[in-house]
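Biologist: I'm new to reading protein models, so could we go through this one together? I'd like to ask how you know each thing you tell me.

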Amino acid sequence: MKFCPFCQQGAVWRVQLKTMRKHRFFMCFECDSVWLESQLISDKAGTTFDKHMQSLGRTPNWEDIKKIEMIEKNIPHISADKVLIRNTGIQPTTRSTSSRTKVAMIKV
């Protein structure tokens, strides 16, 4: 199992909101850390469950979380290009082989 990079105690889970079935993200239930599916799970990224829910305009509600699967070692991230297109509708003009560059491209 992949341990949370923040608390080093809890497992990281892929979860979804019961009220927003298409909204999936990663979460540590020990320290409430949250990462979007497009983010690398590291101590350099992520937020808290409360802040994440507030960013969606929702009140944090633990009853709304559905565990999908516990994350093992490697996480199959979706292509950064696909996330950029889905979130903004912008077609990327260049491609990079570096996953770090791709993640940075999404945040810009």
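Modeller: Sure, and keep in mind that this is a predicted model. Let's start with the sheet: five strands form an open sheet in the order β4-β3-β2-β1-β5, and the pairing is antiparallel.

Biologist: What makes β4 and β5 stand at the edges?

Modeller: Count their partners. β4 (47-48) and β5 (65-70) each have a single partner strand, so one side of each is left without a neighbour in the sheet.

Biologist: And how do you know that β1 and β2 pair?

Modeller: Pairing needs at least two bridges between the strands. β1 and β2 have six bridges, in the antiparallel sense, so they count as a pair. For one of the residues, take Arg 14: its bridge partner in β2 is Phe 26.

Biologist: What else is in the chain besides strands?

Modeller: There are three helices alongside the five strands. Reading from the N terminus, the elements go β-β-β-β-α-β-α-α.

Biologist: What makes up the largest nonpolar core?

Modeller: Ten residues: Ala 11, Trp 13, Val 15, Leu 17, Phe 25, Met 27, Val 34, Phe 49, Met 53 and Ile 65. The elements that give it two or more residues are β1 (12-17), β2 (20-28) and α1 (49-55). β1 gives the most, with three residues. Apart from this core lies another, of nine residues, among them Val 12, Cys 28, Trp 35 and Ala 45.

Biologist: Why is Phe 49 called buried?

Modeller: Buried means under 20% relative accessible area. Phe 49 has 1%, so it is buried.

Biologist: And why is Ser 33 called buried too?

Modeller: Run the check again: Ser 33 comes out at 6%, which is under 20%, so it is buried. Ser 33 lies in strand β3. Leaving out residues up to four places away in sequence, Ser 33 touches Cys 4, Phe 6, Phe 26, Met 27, Cys 28 and Thr 47.

Biologist: How much of the chain is buried?

Modeller: Buried residues make up 32% of the 108 residues. As for the accessible surface, it comes to about 7200 Å², and 50% of that belongs to carbon and sulfur atoms.

Biologist: Now the rings. How many aromatic pairs are there?

Modeller: Three.

Biologist: Why is the pair of Phe 29 and Trp 62 called tilted?

Modeller: First, the centres must lie within 6.5 Å, and here they are 6.0 Å apart, so the rings do pair. Next, planes under 30 degrees apart would be stacked and over 60 edge-to-face. The planes of Phe 29 and Trp 62 are at 45°, so the pair is tilted. This pair links distant parts of the chain: Phe 29 is in the loop between β2 and β3 (33-36), Trp 62 is in the loop between α1 and β5, and they are 33 residues apart.

Biologist: What makes Phe 49 and Trp 62 a tilted pair?

Modeller: Their centres are 4.9 Å apart and their planes are at 35°, so the pair is tilted. Phe 49 lies in helix α1 and Trp 62 in the loop between α1 and β5, so this pair ties together parts that are 13 residues apart in sequence. Ring pairs link Phe 29, Phe 49 and Trp 62 into a cluster.

Biologist: Why is Trp 62 called partly exposed?

Modeller: Partly exposed covers what is between buried, under 20%, and exposed, over 50%. Trp 62 has 40%, so partly exposed is the right label. Phe 29, at 27%, is partly exposed as well.

Biologist: How do you know that the charged end of Lys 67 sits over the ring of Phe 29?

Modeller: One requirement is that the charge is within 6 Å of the ring centre, and for Lys 67 and Phe 29 the distance is 4.7 Å. Lys 67 also lies over the face of Trp 13, at 4.4 Å from the ring centre.

Biologist: One last residue: why is Gln 8 called exposed?

Modeller: Exposed means over 50%, and Gln 8 has a relative accessible area of 53%, so it qualifies. Gln 8 is found in the segment before β1. Its phi is near 60°, a positive value in a residue other than glycine. Asp 32 also has a positive phi, near 70°, and lies in the loop between β2 and β3. With 28% relative accessibility, Asp 32 counts as partly exposed.

Methods: Residues are numbered from 1 along each chain as its sequence is written. This is a predicted model: local features need pLDDT of at least 70, side-chain atom pairs count only at pLDDT 80 or more; totals for chains, interfaces and linings use all residues. Side-chain values use heavy atoms; hydrogens and water are left out. A nonpolar core is a set of buried Ala, Val, Leu, Ile, Met, Phe, Trp, Tyr and Cys residues joined through side-chain atoms within 4.5 Å. Buried means under 20% relative accessible area, exposed over 50%, partly exposed in between (1.4 Å probe, protein chains only). Helices (H or I, at least four residues) and strands (E, at least two) are DSSP runs, numbered from the N terminus. Accessible areas come from the Shrake-Rupley method with a 1.4 Å probe; for residues, only the protein chains shown count as cover. A charge sits over a ring if NZ of Lys or CZ of Arg is within 6 Å of the ring centre and within 35 degrees of the ring normal. Contact means heavy atoms within 4.5 Å.
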